[in-house]
Amino acid sequence: MTGRLDGKIAVVTGAGSGIGRAAATLFAREGAAAVAVVDLAEAAARETAAAIEAAGGTARAISADISDPGQVEAVFDAVLRDFGTVDVLYNNAGVNSAGSVTDATDDDWERAFAVNARGTFLCSRAVARTMTAAGHGSIINQGSVAALVGVANFASYCASKGAVVALTRSMAIDLSPHGVRVNVICPGTVYTPLMEPMLTARGGGDLARGLAMTTVKYPIGRLGTPEEIAAVALFLASDDSSFMTGSVIAADGGMTAG
Ligand code: 1HS
């Protein structure tokens with residue numbers, strides 16, 4: 001079988017659930033030689049890795065907090081020791097952070113920036129030298145529609161994802177001359193475990209109501225699925241997107257079209 005990632009070594013953060021799990025398993029199905037499944041939740045990372053191995057792929061589960069520089073260093077030391085290189089990095093891990101500018105706390109702001117912005121920076125920095133030395137690589141960042149339009153009661157999150165988009169463009173300029181492409185996906189809301197508290201809060205404690213209030217913002221008439229975002233990540237990871245770097249790709253059912 002020929003796959004679009006044949007022989008590649010991929011690292012996916014936040015790969016214990018949702019979009020990250022869908023991407024890690026898709027990358028393996030598309031021929032990745034190994035997928036490092038990184039997640040704060042060790043059991044979840046192990047589940048994703050086990051699913052990949054059960055399907056005949058090679059995976060390594062690594063538990064780490066990507067906002068912590070020491071832990072990020074340990075992750076990539078382990079990946080390089082075990083697999084020798086990194087060809088694809090999907091900076092998928094992220095946290096939600098509710099609250100408007102008037103009620104978000106210092107902690108809300110710090111957490112959003114620690115994971116979404118600093119985590120993306122730390123993981124990218126950790127692979128940049130390996131990728132530039134190899135002369136190739138693809139870094140895919142997880143942005144959000146919240147980086148493209150304002151979202152009510154989501155101030156810290158919007159700002160942190162705006163930072164991810166700006167970081168993507170900056171890294172693309174620095175790394176593309178060395179063969180490393182950097183792009184960012186801006187998904188609309190995807191129904192994952194990460195989203196349930198936010199949807200429930202929006203619905204005044206009623207998840208179904210919050211879901212309906214959110215779905216109405218999407219011209220396509222529904223929220224996204226993890227697999228639909230993983231498919232975009234695969235495209236950006238593969239040579240199919242060989243002329244794309246610094247691109248900001250909305251995958252949002254038309255949410256930002258209007
Ligand atoms: C959390 C994810 O990045 C989406 S931000 C919320 C956008 S919306 O669906 O509430 O309009």
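The following legends describe close-up views of a predicted model.

**View 1. The open sheet of seven strands.** The strands of a sheet pair through backbone hydrogen bonds, in either a parallel or an antiparallel manner. In this predicted model, the pairing is parallel, and the strands follow the order 3-2-1-4-5-6-7. Strand 3 (59-63) and strand 7 (248-251) are the edge strands, each of which pairs on one side only. From one strand to the next, the twist averages 15°.

**View 2. The pairing of strand 1 with strand 2.** Strand 1 comprises residues 9-13, and strand 2 comprises residues 34-39. Five bridges join these two strands in the parallel sense. One bridge can be followed by residue name: Val11 has Ala36, in strand 2, as its bridge partner.

**View 3. Helix 8 on the sheet.** Helix 8 is formed by residues 226-237 and packs on the sheet. The helix touches strand 4 (88-91), strand 5 (137-142), strand 6 (180-187) and strand 7. The direction of helix 8 makes about 165° with that of strand 6.

**View 4. The surroundings of the ligand.** Around the ligand there are 14 residues, of which Tyr157, Thr189, Arg202, Lys217 and Tyr218 come nearest. In the side chain of Tyr157, an N or O atom is 2.6 Å from an oxygen atom of the ligand. For the side chain of Tyr218, the distance from an N or O atom to a ligand oxygen atom is 2.6 Å. An N or O atom in the side chain of Ser144 is 2.7 Å from an oxygen atom of the ligand. On its own, the ligand has 350 Å² of accessible area, and the protein covers 96% of this area.

Methods:
Residues are numbered from 1 along each chain as its sequence is written. This is a predicted model: local features need pLDDT of at least 70, side-chain atom pairs count only at pLDDT 80 or more; totals for chains, interfaces and linings use all residues. Side-chain values use heavy atoms; hydrogens and water are left out. Two strands pair if DSSP finds at least two bridges between them. Helices (H or I, at least four residues) and strands (E, at least two) are DSSP runs, numbered from the N terminus. Axes are lines fitted to C-alpha atoms, for helices over the stretch in contact, and angles run from 0 to 180 degrees between N-to-C directions. Contact means heavy atoms within 4.5 Å. A residue is near a molecule or strand if one of its heavy atoms lies within 4 Å of it. A polar contact is a pair of N or O atoms within 3.5 Å; within protein, one must be able to donate a hydrogen and the other to accept it, and residues adjacent in sequence count only if both atoms are side-chain atoms. Accessible areas come from the Shrake-Rupley method with a 1.4 Å probe; for residues, only the protein chains shown count as cover.
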